[in-house]
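Visitor: I would like to be walked through this protein chain with the structure open beside me. Could you take my questions in turn and give the reasoning behind each reply?

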Amino acid sequence: MFPSSHANRNKRRKSGSHRELHYHHYDGKDTIAQSKILQDVCVCLTGISAVRKDELHSLVSKMGGSYLRDLVTQYVTHLVAEKPEGEKYQQAQKCPHIEIVTPDWLEVCAAKQMRVPELEFHVSQQDPSHLSLHDEDQVYKSDFFNDMRVSLDKLLLPDKVSPNFLFSNCCFYLVGFPPMPLHGTHDTVRGKTLHVQPCTITFDVCRLIRRCMGTIYWKVHKNISHVIVYYDCDLKTRNEVNNLCRNHPNSPSAISPQWILASVERRQIVDVAQYPPMQRKAVNTLKVKRKKSQSLFFGTNSNNNNNSIVKSSIFEGKFFYISNVPQQDALMSSSSRSSNVMFSAEKVERVIISHGGRILSREGIRILQKVPSDGDDKNQKESNGKERVCYVIHLGGSFDLEKILQNDAILGHVFRKNLCKIVPTNPIWLQTCDAASLEIPPSRYETLFVPVSSRPMKRLKKDVKIKVAVTGFVGVERMAIRMAVLAIGGDCTENMSRDNTHLICKEASGPKYVKAVEWNLQVVTIEWLHHIVYSGYELGCEKSYSIQHQVDNSEIGTDTMIQ
């Protein structure tokens, strides 16, 4: 570590150095006790305002670290920068032992009272405003990685998860994960031993599985029950995983790593359907900066060819009925209609066909009637045992399934003859299935996936602008939240910045929550989104759904019980 005594400073001055090296260390006068979180860390800051520098210097000192104003590569272990630019940045890039991180790394270390891995806090080398499609993919993956990294760090804290038998009957096969470190936890650079963080995603996922008595296979094995697919896998690998799951004697479930986290957090095996492997193409659909790819349903009409390209077969054998705007809504004033969310029937149909679905027609009825059955109870199942389903996609306005069945001869015939199960849903569900490349039961998230009678979805008023970030939600639930925000006319971003107006939180914790409070963003629960989707947005409605309000109420309830 760089010497801090006055004698050594004077020695350097006498040696003829033209530039004084300003070295500072915490003087111990602060009321907060000094910790040793960054005991072996020496930080240098670049590209940060003077006021902000003082704050970060104080933070480093309180955590037992030290800092230099000049980048002395012999002593500096971390360069803290907000942008990949400047002389110090270029110099640090040439030194493999110097970690180049954002200020968030220091703040998360302070918030969690532990040194967290630097990997997810590395400074991006490109300006996000000039990202290509491939680069946007990387930004999305980076944010997904960050959320998972934080969850793993939380679960692996001492005494957080004790050894248990949660996964004792599970055999996992990991696909696409980066290799684990093979050589200890130290490395040598220029003869100097440096501490290296070995906690990759792979390493920590394996630790969590083994702590819950799960079995891990690195090659295909007859006992496999779950295939965990890393979010960075390409389409070819994902197709191979699907083939493996179909042809394996155990028919294992393909899941994302978030399934492991959710099961451990809830201390029970959760439904695998809620945590499908993440899809790359979801990035194209969800990134709000690429307006042409925001959604297949939102935005202006296009003159593209109606012929749909088949993407997958997730809806193979499924029938769809597209419910148009009800007559009573068509008679409403233009201003009243414009306040409701309306979807394009043409674009909805295009998505259905692209995933192997069929639009219900007289031909569809003949196909359903050809399937042999033994009585009405079995009439809704195919010969292979799978349930036959017709999804009723409601495009907008008030919803009344009974009236639809009465007014449409084809759908009414299917219902009366009990040819298949009729399931009402909406385009938000369809778009989430499209993003996940998975047929998701609408019952998984009824609030957003199933139309509500006499409560149409409401668009935001023209003068209302919301830009939402999300934390704590994963898998299907996270995708559905994004789709709902886009549907009502808002923006939803994977990364959070000062430009965001709201953060939807699952609980009052995590780095995004800490920054949102610091930046005075509206931090709300998921119930706030449900409210504005079906009741519309009113100024100040966040107060009733504030995450802090929820925490305060729970504390009041606890105090009452104690008394």
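**Strands, helices and cores**

Visitor: In E10, which residue is the bridge partner of Val175?

Guide: This is a predicted model, and in it E6 runs parallel to E10, the two being joined by four bridges. The residue of E10 that serves as bridge partner to Val175 is Val229.

Visitor: Which residue of E9 does Cys171 stand opposite?

Guide: E6 is also joined to strand E9, residues 215-217, through three bridges, and these two strands run parallel. Within E9, the residue opposite Cys171 is Thr215.

Visitor: How many of the residues of E6 are buried?

Guide: In a regular strand the side chains alternate between the two faces of the sheet. In E6, Cys171, Tyr173 and Val175 point one way while Phe172 and Leu174 point the other way, and all are buried. The strand is therefore mostly covered, and the number of its buried residues is five of five.

Visitor: Which strands do the buried residues of H7 pack against?

Guide: Helix H7 covers residues 235-247, and its 13 residues should span 18 Å at 1.5 Å a residue, which agrees with the 18 Å between its end C-alpha atoms. Its buried residues are Arg238, Val241, Leu244 and Cys245, and because they cover an arc of only 115 degrees around the axis, they lie on the same side of H7. The face turned away from that buried side carries the exposed residues Leu235, Lys236, Arg246 and Asn247. The strands against which the buried residues pack are E6 (171-175), E10 (226-229) and E11 (253-255).

Visitor: Is Ser256 buried or exposed?

Guide: Ser256 is found in the loop between E11 and helix H8, the latter spanning 258-266. Leaving aside neighbours within four places in sequence, Ser256 is in contact with Ile228, Val229, Tyr275, Pro276, Pro277 and Met278. Its relative accessible area is 1%, and since a residue counts as buried under 20%, Ser256 is buried.

Visitor: Which strands stand at the edges of the sheet that contains E16 and E18?

Guide: Four strands form this open sheet, with parallel pairing, in the order E17-E16-E18-E19. Two of them have a single partner strand each, so that one side of each is left without a neighbour in the sheet, and these edge strands are E17 (491-493) and E19 (522-524).

Visitor: What angle does the direction of helix H18 make with that of E17?

Guide: Strand E16, residues 467-471, pairs with E17 in the parallel sense over three bridges, and one of the bridge partners is Thr493 in E17, matched with Ala469. Helix H18, residues 475-487, packs on the sheet and touches E16, E17 and strand E18 (502-505), and the angle between its direction and that of E17 is about 150 degrees.

Visitor: Which strands does helix H19 lie across?

Guide: Helix H19 comprises residues 511-518 and runs at about 145 degrees to E18. The strands that H19 lies across are E16, E18 and E19.

Visitor: Which residues touch the most other members of the largest nonpolar core?

Guide: The core holds 93 residues, and its largest share, eight residues, comes from H18. Not counting residues up to four places away in sequence, Trp429 touches Phe315, Phe320, Tyr391, Ile393, Ile440, Pro441, Pro442 and Phe449. The residues that touch the most other members of this core are Trp429, Trp528 and Leu529.

Notes
Residues numbered from 1 in each chain as written. Predicted model: local features only at pLDDT ≥ 70, side-chain atom pairs only at ≥ 80, totals over all residues. Heavy atoms only, no water. Pairing = 2+ DSSP bridges. Contact = heavy atoms within 4.5 Å. Axes fitted to C-alpha atoms, helices over the stretch in contact; angles between N-to-C directions. Core = buried A, V, L, I, M, F, W, Y, C linked by side-chain atoms within 4.5 Å. Buried < 20%, exposed > 50% of the residue type's maximum accessible area, 1.4 Å probe, protein only. Expected span 1.5 Å × (residues − 1). Arc of directions from axis to C-beta.
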